[in-house]
Amino acid sequence: MNVRRYHTDDLEEIIKLFHDTVHNVNIQDYSQDQVDAWAPDSIDMAGWDKSLSRHHTFVAVEGSIIVGFGDIDPSGYLDRLYVHHNYQRQGVASAICDRLESAMEPGMTIITHASITAKPFFENRGYTVIRKQLVERKGVLLENYVMELLRPGIECL
């Protein structure tokens, strides 16, 4: 598996991966109405490309298949982290998350809004729950968790 920076050419495959992951993986913790609102059939491709291009965005590739992606903005907000439903629990999310966290300065706090499904993954990485929240997508409420990770600073002796 190779983890590399995002290219606009990746967008179509990434959006399909996002949609399929939410509908095949997150469905275990959310209702059909919730996953339909979260990952609708029609997604603003230009908006996603703009966001992914402005953030530190990494793509995991196995052979010629994109198996995961994630992005973090310059303030330390880890926005998206998704792994293809056929590549779950194979270290893909960890490899991407390692790159995302490393893109931030030491001492920065990284914040994410983790799904019910992703919460244990982030807890295992040392993130702590700040609060549970309900977010609205297309008139549907979804539960997630605001979580943070404080990256240690560099100590000078």
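**Stop 1: the largest pocket**

Start with the largest pocket, which holds about 1000 Å³ of space. The model you have open is a predicted one. Rolling a probe the size of a water molecule over the atoms shows where empty space is left.

To find the pocket, select Trp38, Leu81, Tyr82, Ser115 and Ala118, the lining residues that lie nearest its centre. In total, 41 residues line the largest pocket. Next, colour the elements that give two or more residues to this lining:

- the helices α1 (11-24), α2 (32-38), α4 (92-102) and α5 (119-124)
- the strands β4 (77-83), β5 (109-115), β6 (128-137) and β7 (140-150)

Which element gives the most to the lining of the largest pocket? Select β4 for the answer: this strand supplies 7 residues.

Now colour the lining by residue class. You should find 23 nonpolar, 12 polar and 6 charged residues around the largest pocket.

**Stop 2: helices α1 and α3**

Keep α1 on screen, since this helix was on the list for the pocket lining, and add helix α3, residues 45-54. Two packed helices are described by the angle between their axes and the distance between the axes. Here the axes of α1 and α3 come within 11 Å and cross at roughly 105°. Angles of 65 to 115 degrees count as roughly perpendicular, so α1 and α3 are roughly perpendicular to each other.

Show the side chains where the two helices meet. On the α1 side, select Leu11, Glu12, Ile14, Ile15 and Phe18. On the α3 side, select Met45, Trp48, Asp49 and Leu52. By class, this contact has 7 nonpolar residues, no polar ones and 2 charged ones.

**Stop 3: Gln34 in helix α2**

Move to α2, another of the elements that line the largest pocket, and select Gln34 in this helix. Is Gln34 buried or exposed? Its relative accessibility is 17%, and buried means under 20%, so Gln34 counts as buried. Leaving aside residues up to four places away in sequence, Gln34 touches Val140, Leu141 and Leu142. Show these three together with Gln34 to see the contact.

**Stop 4: the loop between β6 and β7**

Follow the chain to the loop between β6 and β7, where you will find Lys138 and Gly139. Lys138 has a positive phi of about 50°, although it is not a glycine. With 62% relative accessibility, Lys138 counts as exposed, because the cut-off for exposed is over 50%. Gly139 is exposed too, and its relative accessible area is 62%.

Draw a distance from the C-alpha atom of Gly139 to that of Pro40. These atoms are 13 Å apart, while the two residues are 99 residues apart along the chain.

**Stop 5: the loop between α2 and α3**

Select Ser42, which sits in the loop between α2 and α3. Ser42 is exposed, at 62% relative accessible area. Draw a second distance, from the C-alpha atom of Ser42 to that of Leu100. The separation is 27 Å, for a pair 58 residues apart along the chain.

**Stop 6: Arg89**

End at the loop between β4 and α4 and select Arg89. What is the sign of phi at Arg89? It is positive, at about 60°, although Arg89 is not a glycine. Switch to a surface view to check the other property of this residue: Arg89 is exposed, with a relative accessible area of 83%.

Methods
Residues are numbered from 1 along each chain as its sequence is written. This is a predicted model: local features need pLDDT of at least 70, side-chain atom pairs count only at pLDDT 80 or more; totals for chains, interfaces and linings use all residues. Side-chain values use heavy atoms; hydrogens and water are left out. On a 1 Å grid over the protein atoms alone, a cavity is a set of points where a 1.4 Å probe fits but cannot get out, and a pocket is an open set with protein on both sides within 12 Å along at least five of seven lines; lining residues have an atom within 4 Å of a point. Grid points are joined across faces, edges and corners, and a volume is the space filled by probe spheres set on the points. Helices (H or I, at least four residues) and strands (E, at least two) are DSSP runs, numbered from the N terminus. Ala, Val, Leu, Ile, Met, Phe, Trp, Tyr, Cys and Pro count as nonpolar, Asp, Glu, Lys and Arg as charged, and the others, Gly among them, as polar. Axes are lines fitted to C-alpha atoms, for helices over the stretch in contact, and angles run from 0 to 180 degrees between N-to-C directions. Angles under 35 degrees count as roughly parallel, over 145 as roughly antiparallel, 65 to 115 as roughly perpendicular and the rest as oblique. Contact means heavy atoms within 4.5 Å. Buried means under 20% relative accessible area, exposed over 50%, partly exposed in between (1.4 Å probe, protein chains only).
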